[in-house]
Amino acid sequence: MDANGARELSKRLDAQAHWRQATAVQTGEQPASDPDAQELEELGDGVRTYGIETQRTIVEGRQALVTHRLCKRLREGRWEFTLNVERIDYLEDHVAS
C-alpha cells in the first residue's frame with residue numbers, strides 16, 4: 001500500500017470510530033456505519049459535516065437557489081441530522097413584455 005492508500009484507510013478508520021461513539025450505533029438502533037459516509041468532509045467534536053447541495057425553491061415568496069450542507073450532531077447518544085443553509089441566491093423575476 002502506498003502513502004495515499006494508507007492515508008485514505010486511516011481517514012476511513014477514524015470516521016468509523018467517530019461514528020461508533022454514538023450509543024445508538026453501539027446498541028443497533030442506528031446503522032453500524034454512516035449511510036452518508038461517501039459525502040463526509042469533516043469530523044469535529046460530536047459533529048460530522050458533509051458536502052453541499054443546491055436546490056431551486058421558493059424563499060419568502062421568491063424563486064431562489066438555496067445551498068445547504070448536511071450536518072450530523074451527536075445528541076443524547078444519537079446522530080441527528082440537520083440541513084444548514086450556506087447560501088441563498090434570489091433569482092431575478094423576469095416579466096414578459
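Which residue's side chain meets that of Glu8 in a salt bridge? To find the partner in this predicted model, select Glu8 and then Arg12, whose side chains meet with a nitrogen-to-oxygen distance of 3.2 Å. Both residues belong to helix α1, which covers residues 3-19, and they are four residues apart, or about one turn of the helix. If you colour the pair by accessibility, Glu8 counts as partly exposed because its relative accessibility is 35%, between the 20% and 50% limits, whereas Arg12 is exposed, with a relative accessible area of 56%.

Side chains of opposite charge can pair when their charged atoms come close. The structure holds nine salt bridges, and the next stops visit some of the others.

Select Arg78 together with Glu29, which form a salt bridge whose closest N and O atoms are 3.4 Å apart. Arg78 lies in strand β4 (residues 78-90), while Glu29 lies in the loop between α2 (23-26) and β1 (40-44), so this pair ties together parts that are 49 residues apart in sequence. On the Arg78 side the relative accessible area is 33%, which is partly exposed, and on the Glu29 side it reaches 57%, which counts as exposed.

Now move to Arg69 and Glu86, whose side chains meet in a salt bridge at 3.2 Å, N to O. This pair also links distant parts of the chain, for Arg69 sits in strand β3 (residues 62-75) and Glu86 in strand β4, 17 residues apart. Is Arg69 buried or exposed? Arg69 counts as buried because its relative accessibility is 16%, and buried means under 20%, while its partner Glu86, at 45%, is partly exposed. After this pair, select Asp34, Asp36, Arg48 and Lys72, which are joined into one network by salt bridges that share partners.

For the last part of the tour, switch to a cartoon view and show the strands. Strands of a sheet pair through backbone hydrogen bonds, either parallel or antiparallel. Here you should find an open sheet of four strands in the order β1-β2-β3-β4, with antiparallel pairing. Strands β1 and β4 stand at the edges and have a single partner strand each, so one side of each is left without a neighbour in the sheet. Looking along the sheet from one strand to the next, you can follow a twist that averages 35°.

Finally, select β3 and β4, which pair in the antiparallel sense over twelve bridges. Within this region, pick out Cys71 and look across to β4, where Thr82 stands opposite.

Terms used. Residues are numbered from 1 along each chain as its sequence is written. This is a predicted model: local features need pLDDT of at least 70, side-chain atom pairs count only at pLDDT 80 or more; totals for chains, interfaces and linings use all residues. Side-chain values use heavy atoms; hydrogens and water are left out. A salt bridge is a side-chain nitrogen of Lys or Arg within 4 Å of a carboxyl oxygen of Asp or Glu. Helices (H or I, at least four residues) and strands (E, at least two) are DSSP runs, numbered from the N terminus. Buried means under 20% relative accessible area, exposed over 50%, partly exposed in between (1.4 Å probe, protein chains only). Two strands pair if DSSP finds at least two bridges between them. Axes are lines fitted to C-alpha atoms, for helices over the stretch in contact, and angles run from 0 to 180 degrees between N-to-C directions.
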